[in-house]
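Welcome! Below are some short exercises, each with a worked solution, to help you find your way around a new structure. Try each task before reading on.

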Amino acid sequence: MNNNYCDINDIINKKNLVITEILETEKSYVNHLKEIVEEYLEYWKHKQILSKEHCNQLFGNITEIYEFSRIFLNELALANNNVTQIAHCFLKNHLKFIIYSTYCINFQNSDVIISKIMQSRLSTNIIYQRQKELGHRLSFGSYLVLPVQRILRYHLLLKKLAAYTSYNENDHSLVVKAYDKMVILAKIIDETKNKYEKEGRIKDIRLMMKHILKDKTNVDLYNNCFELHAEGDLMITGTKKKLHVIILNNMLLIVKEQKCGLLEYKTHIKSRNITVIEHVKENPLSFRLVSNAGSKHSFTLQATLAEEKIFWIKMLNKIKKDTSELSSISFAELMAKYFYIPRGYLTN
């Protein structure tokens with residue numbers, strides 16, 4: 001009996017510690033945001049020390065995040081350490097956290113911008129002087145990364161809170177629901193970042209297609225290529241020749257990479273016209289791609305490892321499946337599919 005009492009007491013204490021951690025770390029985070037917005041961004045804008053363009057590139061929508069976080073912190077404080085109310089704070093605001101995706105995308109370029117600014121001795125001195133005035137010892141970039149770190153921490157805090165909440169309590173289901181929402185949010189942000197990381201590469205491919213394919217009969221695909229699924233080298237089976245294979249959302253593009261880095265166009269197959277033959281006799285690492293369009297052609301390609309072959313076949317079958325679904329999918333579902341917003345995310 002005493003042991004059970006001690007165990008329950010221990011769980012309650014740990015739960016209270018997590019609640020305190022959520023609130024205290026949020027207070028600290030909002031204070032840091034306040035410093036970034038008021039003591040760096042607004043100060044430099046007012047003094048016209050950094051250009052408006054550099055300020056936008058460095059800080060993104062951090063002011064919007066700060067304003068939202070102040071309100072969110074106030075709601076957490078009003079929850080008065082009540083688990084149900086804390087869970088409701090997250091559930092009520094889960095869609096508003098989407099603003100972090102804009103910041104996270106912008107942040108990927110901030111290192112480049114800081115490096116560019118630091119090339120000027122004047123700009124370097126301005127940043128170091130301001131940090132000295134504020135007593136900030138960490139690098140300027142260490143403060144800019146805080147929103148990225150914070151948004152990816154919420155689901156971990158909720159996971160800890162759920163662990164110390166009894167399964168028999170209503171609190172537990174609410175905390176788990178809040179946790180699920182924040183996990184999905186983290187995935188959305190991660191996928192969105194990945195899409196933008198590939199954006200430059202897709203632009204290169206589009207330009208190449210626009211330039212090379214413009215004189216090809218019935219080829220007008222480049223404006224519809226908005227997602228890069230996979231890219232890599234595969235051998236032509238039975239030879240030492242290598243081809244560069246690019247899987248886009250609506251087509252397979254086969255090119256040859258030249259020594260100078262440019263891509264020499266070989267052919268393309270629309271995703272709806274691809275037939276994948278997974279097994280090639282006497283060569284377990286090979287698979288065959290056949291175009292069932294008017295001008296039929298095929299390639300027998302060889303992977304280096306069995307896992308690599310499985311990956312390529314999986315990606316090829318995926319774009320075939322996606323293409324077949326597009327004719328029946330609704331606009332809302334299409335948005336959810338390609339902008340990584342799960343269908344259930346927009347509902348409580």
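**Exercise 1.** Decide whether N93 is buried or exposed in this predicted model, and list what N93 touches.

*Solution.*
- Step 1: Place the residue. N93 sits in helix α4, which covers residues 83–93.
- Step 2: Look up the accessibility. The relative accessible area of N93 is 1%.
- Step 3: Apply the cut-off. Buried means under 20% relative accessible area, so N93 is buried.
- Step 4: Find the contacts. Not counting residues up to four places away in sequence, N93 touches F68, F72 and E75.

**Exercise 2.** Describe how helices α3 and α4 pack, and name the residues that make the contact.

*Solution.*
- Step 1: Start with the geometry. Helix α3 (residues 62–78) packs with α4 at an angle of about 150 degrees, and their axes are 9 Å apart.
- Step 2: Turn the angle into a word. Angles over 145 degrees count as roughly antiparallel, so α3 is roughly antiparallel to α4.
- Step 3: Add the hand. The α3 and α4 crossing is right-handed.
- Step 4: List the contact. From α3 come F68, F72, E75 and L76, and from α4 come I86, C89, F90, K92 and N93.

**Exercise 3.** Now work out how α3 meets helix α5, and find the hand of their crossing.

*Solution.*
- Step 1: Locate the partner. Helix α5 spans residues 99–107, and its axis comes within 9 Å of that of α3.
- Step 2: Read the angle. The two axes cross at roughly 145 degrees.
- Step 3: Give the hand. The crossing of α3 and α5 is left-handed.
- Step 4: Name the residues. I62, E64, I65, F68 and S69 in α3 meet I99, Y100 and Y103 in α5.

**Exercise 4.** Two residues of helix α1, E26 and Y29, are worth a visit. Are E26 and Y29 buried or exposed, and what are E26 and Y29 in contact with?

*Solution.*
- Step 1: Take E26. Its relative accessibility is 0%, so E26 counts as buried.
- Step 2: List the contacts of E26. Leaving aside neighbours within four places in sequence, E26 is in contact with S69, F72, L73, L76, R150 and Y154.
- Step 3: Take Y29. With a relative accessibility of 5%, Y29 also counts as buried.
- Step 4: List the contacts of Y29. With neighbours within four places in sequence left aside, they are I65, S69, Y100, L146, P147, R150 and Y154.
- Step 5: Check one pair in space. Y29 and R150 are 121 residues apart along the chain, and 7.8 Å separates their C-alpha atoms.

**Exercise 5.** Find the largest nonpolar core and the helix that gives the most to it.

*Solution.*
- Step 1: Get the size. The largest nonpolar core has 59 residues, and F59, F90, F97 and Y100 have the most contacts inside it.
- Step 2: Find the main contributor. Helix α1 (residues 2–47) gives the most to this core, with twelve residues.
- Step 3: Zoom in on F97. Its contacts, leaving aside neighbours within four places in sequence, are F68, F72, F90, I151, Y154, M182 and L185.
- Step 4: Look for another core. A second, separate core has 20 residues, including A230, L234, L243 and V245.

**Exercise 6.** Trace the order of the strands in the open sheet, and say which strands stand at its edges.

*Solution.*
- Step 1: Write the order. The seven strands run β4-β3-β2-β1-β7-β6-β5, with antiparallel pairing.
- Step 2: Find the edges. β4 (263–270) and β5 each have a single partner strand, so one side of each is left without a neighbour in the sheet.
- Step 3: Note the turn. Direction ignored, neighbouring strands of this sheet are turned by 30 degrees against each other on average.
- Step 4: Check the β4 end. Strand β3 (residues 251–257) is joined to β4 by seven bridges, and E257 stands opposite L263 in β4.
- Step 5: Check the β5 end. Strands β5 (residues 274–277) and β6 (residues 286–291) pair over four bridges, with S291 in β6 as the bridge partner of I274.
- Step 6: Move inward. Five bridges join β6 to strand β7 (residues 298–302), where V290 stands opposite S298 in β7.

How values were computed:
Residues numbered from 1 in each chain as written. Predicted model: local features only at pLDDT ≥ 70, side-chain atom pairs only at ≥ 80, totals over all residues. Heavy atoms only, no water. Core = buried A, V, L, I, M, F, W, Y, C linked by side-chain atoms within 4.5 Å. Buried < 20%, exposed > 50% of the residue type's maximum accessible area, 1.4 Å probe, protein only. Contact = heavy atoms within 4.5 Å. Pairing = 2+ DSSP bridges. Axes fitted to C-alpha atoms, helices over the stretch in contact; angles between N-to-C directions. Parallel < 35°, antiparallel > 145°, perpendicular 65-115°, else oblique. Left-handed = near helix turned anticlockwise from the far one by under 90°.
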